[in-house]
Amino acid sequence: MLLLIDAGNTRIKWALADEGAAPGAWVASGAVTHAELNHLPAAWPKQGITRALVSNVAGSKLHDQLRLMMPTADVTWFASKAQLAGLRNAYRNPSQLGCDRFAAALGARALAPGQAVIVATCGTATTIDAVSADGVFLGGMILPGLGLMASSLAHNTAQLPEVAPGLLPAGFADNTADAILSGCLSAQAGAIERACALHGASACIVSGGAAQYIAPVLRLSIGHRIVDNIVLIGLHSTVTSSPLQDSPC
Ligand SMILES: Nc1ncnc2c1ncn2[C@@H]1O[C@H](COP(=O)(O)OP(=O)(O)O)[C@@H](O)[C@H]1O
Ligand SMILES: CC(C)(COP(=O)(O)O)[C@@H](O)C(=O)NCCC(=O)O
Ligand SMILES: [K+]
């Protein structure tokens, strides 16, 4: 059995798949925060995980902790490369690109082959990346994620409160908490809309923990698709020859 892991700066997402299964055809999946890391081994089968493919952007301590949790698996630590699986990476220094972003771009390519795609991953940071129709990762944008953006106001002002991410029409609010949330949602959605316009995108994929709040605010003529975890789909697409079962964008 294959274990796929997307270790981000807030949560560690994982999925189990049978060898040869199509990308996204999980047997089981889940997510834990960093504080809940020690819950992971109990969620995984004691035996039978032969291979693991891990994207980790959360540092070397987490790398070592995860390695100890997969004693029997042949573990590959996914890294951004200049070229992989038909995708060329145009970052000036290809290895500088976060491996989760490279995996997300591969996932976008799998879901929207031959299309100019914007893939937005709304996590601790929000990353908004452009993939060309002929398979080039052109580059992207990094901004504070929704939670981080909102909490930076609470931490750096005298009067503004901490506001939890939530659902709200991003309009003109009549109270402080809603005004903060509306402002941050508008900034996130606005950046995604701007990226789609700049790229001339024909498909937009929105993923990550905060996608559930940001996607409803988007106004895009091309529409958008919410994908629970595009990083895991991209990782999986690199190790299976089975075609995606999901319908394309
Ligand atoms: N149960 C949850 N626990 C933590 N964050 C959550 C949860 N549900 C939604 N979120 C939101 O999702 C973000 C984390 O998303 P995620 O994609 O896991 O990020 P990362 O890949 O950076 O770890 C948080 O900043 C928060 O806004
Ligand atoms: C931008 C990121 C912090 C996003 O991390 P996440 O929000 O998924 O935890 C991560 O992709 C990263 O550390 N990137 C390295 C720099 C770059 O991609 O240019
Ligand atoms: K992200």
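Trainee: How do the residues of the shell around ligand 1 divide by class in this predicted model?

Mentor: The shell around ligand 1 has three nonpolar residues, ten polar and one charged. Glycine counts as polar under the scheme used. Gly8, Gly123, Thr124, Gly147 and Gly209 are the closest of the 14 residues that surround ligand 1.

Trainee: What makes ligand 1 lie between domain 1 and domain 2?

Mentor: Residues from both domain 1 (2-77) and domain 2 (83-237) enter the shell around ligand 1, so ligand 1 lies between them.

Trainee: Where does ligand 2 lie, and why?

Mentor: Ligand 2 lies between domain 1 (2-77) and domain 2 (83-237), because both give residues to its shell. Of its 14 surrounding residues, Gly8, Asn9, Gly98, Gly123 and Ala125 come nearest. Helix α3 and strand β9 (125-131) are the elements giving two or more residues to that shell. By class, the shell around ligand 2 comprises four nonpolar, eight polar and two charged residues.

Trainee: Why is α3 called largely enclosed by the rest of the structure?

Mentor: A residue is buried if 20 or more other C-beta atoms lie within 10 Å of its own. In α3, 13 of the 13 residues are buried, so the helix is largely enclosed. Helix α3 (residues 99-111) reaches 18 Å from its first C-alpha to its last, close to the 18 Å expected at 1.5 Å a residue.

Trainee: How do you know that β4 and β5 pair?

Mentor: Pairing requires at least two bridges; β4 (residues 51-56) and β5 (residues 74-77) share four bridges, in the parallel sense. The chain passes from β4 through helix α2 (residues 60-68) to β5 in a right-handed β-α-β crossover.

Conventions. Residues numbered from 1 in each chain as written. Chains lettered and ligands numbered in written order. Predicted model: local features only at pLDDT ≥ 70, side-chain atom pairs only at ≥ 80, totals over all residues. Expected span 1.5 Å × (residues − 1). Buried ≥ 20, exposed ≤ 12 C-beta atoms within 10 Å, placed from the backbone. Near = placed C-beta within 6 Å. Domains from an automatic or database assignment. Right-handed = clockwise from strand over helix to strand, strands pointing away.
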